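I opened my notebook to follow how the strands pair, what packs inside, and which charges meet. Here is what I looked up.

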Amino acid sequence: MGYTLNFQRKVDAEKWISEIKTQDNSSLIDDITLASFINLWFQRYAEVKKAPSSVLRDRELARHVLSFFSNSRKLGEINVSEVEHFLSRKIRTLSPGTCNRIRSFLHKIYNDAIKWRFVKSNPISAISRFHELRKPPTYWTNEEITAFLNYSKNKQYHDVFKFALNTGMRMGEILALKWDTINFDIRIINVFRTYDNVSKDIKDYCKSRRYRCIGMNSAILEVLVKLRQDKYPLVFHDGQGNVIKPRSLQHTFRRCNLASGVKRIRFHDLRHSYGSHYMMNGGNAYDLMHLMGHSDIKVTEIYAHLSHDHISQKA
């Protein structure tokens, strides 16, 4: 029967790992169940190094895995064919993207199990990803942007909308933006904080955990100069210095979007609009990757089809 582990503290989990690494007892390592190792992985890795929202997504992926493999299944006994069977069943009801995220989650689990000396090989490495049809980003044209901003001019959060369209920053990064990150002398915004909607607090790191700088164009400067005399640390707030509630911001955006008569999009698509127009105006994917805070150029390549060079080649 496999071991079922549940540690109340991270230090206890690390102590247990340290002890078994010093023991010459391979059966003890082999006996840990998949469920127990996933629980250990959350305590030792995910809850320590990942944002609460990411941990929440990982727990949903883990739920898919553990609903298929029984609690008694040992980590080292699960083979390639079993995982392929599991994923072949999931693809019947889930999208290729979701199945790929489940695969990636399991791949990470086994890689860390190798690193921590619980298993010797990763069965997920032999399994290919599902093909995903990557849709081009949804964005507004210049005319749609103008129409929306004209309509929302006197509405709540207009400055946030305008700022998002001109910086490409994520919602959480905008909501966490403070005056101490803005340099008016050289017209630079330093981006390294984000608001986490799960833990309801501001983190001193962004999604990719990379510090980046964004230059101010005239539209951004206009917004910031107007707000500059504010007495609160946050650039955008609820009027009393508190973080704007994401739900309130999204609700107002949807109402303005509908009333303005332009194509309906999500708030996050303001970021896509920034990336799309950057490429259409002659920018390159490498610079855009850094401006948008992507950790991988492959993410930025969704905008590549909009570049001048690409359009010229297709003509």
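**Entry 1: the strands.** I began with strand β1, residues 182-183, and strand β2, residues 188-191. They run antiparallel, and 2 bridges join them. I looked for the partner of I182 and found I189 in β2. I keep in mind that this is a predicted model.

Next I checked the turn of this hairpin. There are 4 residues between the strands β1 and β2. R187 caught my eye there, with a positive phi near 55°.

Which strand does β2 pair with besides β1? I found β5, residues 212-215, joined to β2 by 4 bridges. These two also run antiparallel. I noted two facing pairs. I188 stands opposite G215 in β5. V191 has R212 of β5 as its bridge partner.

Then I looked at the two faces of β5. R212 and I214 make up the covered face. C213 and G215 make up the uncovered one. I wrote the rule beside this: in a regular strand, side chains alternate between the two faces of the sheet.

**Entry 2: the cores.** I turned to the largest nonpolar core, which has 40 residues. Which residues touch the most other members? They are L224 and F236. I then listed the elements that give two or more residues to this core. They are α7 (142-151), α8 (158-167), α9 (171-175), β2, α10 (218-227) and α11 (246-260). So β2 turns up again in my notes, as one of these contributors.

I followed L224 further. Leaving out residues up to four places away in sequence, L224 touches F163, W179, I182, F184, I189, M216 and V235. I182 and I189 are on that list, and they are the bridge partners from my first entry.

Another core lies apart from the largest one. This other core has 29 residues, among them L34, L40, Y110 and A113.

**Entry 3: the salt bridges.** How many salt bridges does the structure hold? I have 17 in my notes. I looked at three pairs.

The first pair is K74 and D31, whose side chains meet at 3.0 Å, N to O. This pair links distant parts of the chain, 43 residues apart. K74 is in the loop between α4 (52-66) and α5 (80-90). D31 is in the loop between α2 (26-30) and α3 (34-49). Buried or exposed? Both K74 and D31 are buried.

My second pair is R59 and E47, with the closest N and O atoms 2.4 Å apart. R59 is in helix α4 and E47 is in helix α3, 12 residues apart. I checked their exposure too. R59 has a relative accessible area of 39%, so I put it down as partly exposed. E47 is at 43%, so it also counts as partly exposed.

My third pair is D112 and K108, with the closest N and O atoms 3.3 Å apart. Where do they lie? Both are in helix α6, residues 96-115. They are 4 residues apart, about one turn of the helix. D112 has a relative accessible area of 2%, so it is buried. K108 is at 27%, so it counts as partly exposed.

I made one last note on this helix pair. K108 and D112 are linked with K115 in a network of salt bridges.

Definitions and conventions:
Residues numbered from 1 in each chain as written. Predicted model: local features only at pLDDT ≥ 70, side-chain atom pairs only at ≥ 80, totals over all residues. Heavy atoms only, no water. Pairing = 2+ DSSP bridges. Buried < 20%, exposed > 50% of the residue type's maximum accessible area, 1.4 Å probe, protein only. Core = buried A, V, L, I, M, F, W, Y, C linked by side-chain atoms within 4.5 Å. Contact = heavy atoms within 4.5 Å. Salt bridge = Lys/Arg side-chain N within 4 Å of Asp/Glu carboxyl O.
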